[in-house]
Amino acid sequence: MSGLDTLASALGGSLTGKRILVRSDLNVPLDGETITDDGRIRASVPTIKELSEAGARVVVTAHLGRPKGEPDPAYSLAPVADRLGELLGAPVAFATDTVGESARSTVDGLADGDVAVLENVRFNPGETSKDDAERGAFADQLAELGDGFVSDGFGVVHRKQASVYDIAERLPHAMGNLVATEIDVLRRLTVDPERPYVVVLGGSKVSDKLGVIDNLLEKADKLLIGGGMVFTFLKAQGLEVGKSLLEEDQLDVCRDYAARAESGGVEIVLPTDIVVDSTFPSGDQEPQPQVVAADAIPADSLGLDIGPESGAAFAAALADARTVFWNGPMGVFEVDAFAGGTRAVAQALTEVEGLSVVGGGDSAAAVRQLGFDEAAFGHISTGGGASLEYLEGKELPGITVLD
């Protein structure tokens, strides 16, 4: 029995006519009012559509960006509601507040099968408050708008927030299809993964991935390191990294990882060549990429991507993998001159005969921006931070409250 079936049973056997609050992750990038990547909205559609087709009156809550607990037009969900309506092929009502008069009248006006989106829940300070009472008071107001709750925003389940955690303590609740799929995939990465198991980590900082590396060093067969974080690993080996991103306070940590990997039989693969430039790319200067050996980075240059030799080596390391987790681009993929490494890893993942998981965030944005077919990957996560915390072995409040 699915989570939605269980919820229907708790509400008398049917969802028809029931007001179902759905916490989705609709935190998409905007250029003004133009959505530049609608991946998270598309991922939210199946659960919303299933509830609508079951006759529920669907009330979607979500956030966008980081407003400071008060309305800010720059973070309005209005463009998102419009796009959701296009994807559903049906009008979506939009409330211009979170729990006020507009929200109440919008929900009251829904017919069976209708969908509404409430304004950005982070416009209310109670959403993200560290004070249990303040957060609970906002959750009480949200609960008045629904008969049941579905948690389907995987990108926020690692947050103890009113529309994620506290609301589930107040209404009959269920895990949505998207969250259920995400948790199932992550369990396959951590509980008896099919081998060989290769983890690819990139992004800017080692410190962002400490918990993941700690945990996966016990589970993976190979760990491929790229992105800005690789320069701290290279510096830990005694190599010069020029003006590249460097976390001096993590050098001993990287040395410890290398020693642990060696003793545990885990292969850490670092790039052997790097694409460098004299400055970080900006709109007023054409990139001047140069490929150099990883042990010959010029003092006046900074690394911005793994080189072509390394891209080929990473692809070769992935060729026989049966399980792959990738989080973090290999370079500044937004600029074509420094996208080669990320493109090589993405292409290799499409050819994996087994489970290939793109771990959300910038990695998910990269595969879309670089033109890959999402269906070519085993799974593209909608929650980078939540994925990482799960893989660190942490409890996710938005999941534990459902249990």
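Colour the chain by burial to begin: in this predicted model, buried residues make up 55% of the 403 residues in the protein. With the surface switched on, the accessible area comes to about 16500 Å², and carbon and sulfur atoms account for 46% of that area.

Next, reduce the display to the C-alpha trace, whose atoms fill a box of roughly 65 × 50 × 40 Å along the principal axes. The radius of gyration is 23 Å, which agrees with the value near 22 Å that a compact globule of 403 residues would have. In cartoon view the protein shows 14 helices and 17 strands, and, of the contacts with a separation of 6 or more, 73% are between residues 24 or more positions apart.

Now turn to the interior, where a search of the whole structure finds two cavities of 30 Å³ or more. For the largest cavity, select Asp277, Thr279, Phe280, Pro281, Ser282, Gln285, Glu286, Pro287 and Gln288, which form its lining. The space inside the largest cavity is about 40 Å³, and its lining residues divide into three nonpolar, four polar and two charged.

For the second largest cavity, select Asp25, Arg40, Ala43, Ser44, Asp152, Leu178 and Thr382, the residues that line it. Helix H2, covering residues 39–53, is worth showing alongside this selection, as it supplies the largest share of the lining, three residues. The second largest cavity holds about 30 Å³ of space, and colouring its lining by class gives two nonpolar, two polar and three charged residues.

Terms used
Residues are numbered from 1 along each chain as its sequence is written. This is a predicted model: local features need pLDDT of at least 70, side-chain atom pairs count only at pLDDT 80 or more; totals for chains, interfaces and linings use all residues. Side-chain values use heavy atoms; hydrogens and water are left out. On a 1 Å grid over the protein atoms alone, a cavity is a set of points where a 1.4 Å probe fits but cannot get out, and a pocket is an open set with protein on both sides within 12 Å along at least five of seven lines; lining residues have an atom within 4 Å of a point. Grid points are joined across faces, edges and corners, and a volume is the space filled by probe spheres set on the points. Ala, Val, Leu, Ile, Met, Phe, Trp, Tyr, Cys and Pro count as nonpolar, Asp, Glu, Lys and Arg as charged, and the others, Gly among them, as polar. Helices (H or I, at least four residues) and strands (E, at least two) are DSSP runs, numbered from the N terminus. The radius of gyration is taken over C-alpha atoms; the globule rule is 2.2 Å times the number of residues to the power 0.38. Buried means under 20% relative accessible area, exposed over 50%, partly exposed in between (1.4 Å probe, protein chains only). Contact means heavy atoms within 4.5 Å. Accessible areas come from the Shrake-Rupley method with a 1.4 Å probe; for residues, only the protein chains shown count as cover.
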